[in-house]
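Please open the model in your viewer and keep the selection tool at hand, as this tour moves from one selection to the next and says what is found at each stop.

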Amino acid sequence: GSVEALWDSIQRILSLPDETRLFVGHDYPGEDRSEPEWEARVAKHKTENIHLAGKTRAEYLKLRTERDATLDLPDRMLAALQFNLRGGRPPEPDADGHRRILIPLDRF
């Protein structure tokens, strides 16, 4: 979506009390750790999130816009969209009883 809307949403989250627990939907280990982290407190994101800590709105928008322009479509995006459009429910089974995710061959 919109980096501006993302910034606004993040700021609402960061306005919560520092001890508020956040459960992130994804995390990518870096050079400092080998395991993903799925939980952090608001205070940690304020001080350690490399996209946010010490950044102004303008800096964040520039950083994310430039970074996002270099990223490929995530490899599971089309599958995830099919679940998201159904509110998290899998597709209905076909006549043979199998549930299938449809991936267009001539798009993306």
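## A buried arginine

Begin by selecting R64, which counts as buried because its relative accessibility is 18%, under the 20% that sets the limit for that word. Please keep in mind throughout that this is a predicted model. R64 is found in helix 3, and, leaving aside its neighbours within four places in sequence, R64 is in contact with V3, L6 and H51.

Now add R67 and D68 to the selection, since R64, R67 and D68 are linked in a network of salt bridges. Between R67 and D68 the side chains meet in one such bridge, at 2.8 Å from N to O. While R64 is buried, R67 is partly exposed, with a relative accessible area of 34%, and D68 also counts as partly exposed, at 27% relative accessibility.

## The aromatic pair

Which two residues form an aromatic pair, and how are their rings set to each other? A search of the whole structure finds one aromatic pair. Select W7 and Y60, whose rings form this pair in a tilted arrangement, with 5.1 Å from centre to centre and 45 degrees between the planes. W7 lies in helix 1 (residues 3-14) and Y60 in helix 3 (residues 57-68), so the pair ties together parts that are 53 residues apart in sequence. Both W7 and Y60 are buried.

## The nonpolar core

With W7 and Y60 still selected, extend the selection to V3, I10, L14, L22, V42, L52 and L61, which together with W7 and Y60 make up the largest nonpolar core, a set of nine residues. Helix 1 and helix 3 each supply at least two residues of this core, and the largest share, four residues, comes from helix 1.

From the core, pick out L22 alone and look at what surrounds this residue. Not counting residues up to four places away in sequence, L22 touches I13, W38, E39, A40, R41, V42 and H45; one of these, V42, is itself a member of the core.

## Salt bridges elsewhere

Side chains of opposite charge can pair when their charged atoms come close. The structure holds seven salt bridges, and two further examples deserve a selection of their own.

For one of them, select R21 and E39, which form a salt bridge whose closest N and O atoms are 2.5 Å apart. This pair links distant parts of the chain, as R21 is in strand 1 (residues 21-23) and E39 is in strand 2 (residues 39-41), 18 residues apart. R21 counts as partly exposed, at 46% relative accessibility, and E39 counts as partly exposed too, at 31%.

For the other, select R100 and D96, whose side chains meet in a salt bridge at 3.1 Å from N to O. R100 is partly exposed, with a relative accessible area of 38%, and D96 counts as partly exposed at 44%.

## Helix 4 and the segment after it

Next, select Q82, whose place is in helix 4. Is Q82 buried or exposed? Q82 is buried, with a relative accessible area of 13%, and, if residues up to four places away in sequence are not counted, Q82 touches I101, L102 and I103.

Move on to L85, which is placed in the segment after helix 4 (77-84). L85 counts as exposed because its relative accessibility is 75%, and exposed means over 50%. Adding L73, M77 and L81 to L85 then shows a nonpolar patch on the surface, whose four residues have about 380 Å² of accessible area together.

## A last stop at P90

Finally, select P90, which is also found in the segment after helix 4. P90 counts as partly exposed, at 33% relative accessibility, and, with its neighbours within four places in sequence left aside, P90 is in contact with F83 and R99. To close the tour, draw a distance from P90 to F23: these residues are 67 residues apart along the chain, and their C-alpha atoms are separated by 23 Å.

Conventions:
Residues numbered from 1 in each chain as written. Predicted model: local features only at pLDDT ≥ 70, side-chain atom pairs only at ≥ 80, totals over all residues. Heavy atoms only, no water. Phe/Tyr/Trp six-rings, centres within 6.5 Å; stacked < 30°, edge-to-face > 60°. Buried < 20%, exposed > 50% of the residue type's maximum accessible area, 1.4 Å probe, protein only. Patch = residues over 30% accessible without salt bridge, like charges linked within 9 Å, V, L, I, M, F, W, Y side chains within 5 Å. Areas by Shrake-Rupley, 256 points an atom, 1.4 Å probe, with all protein chains shown as cover. Contact = heavy atoms within 4.5 Å. Core = buried A, V, L, I, M, F, W, Y, C linked by side-chain atoms within 4.5 Å.
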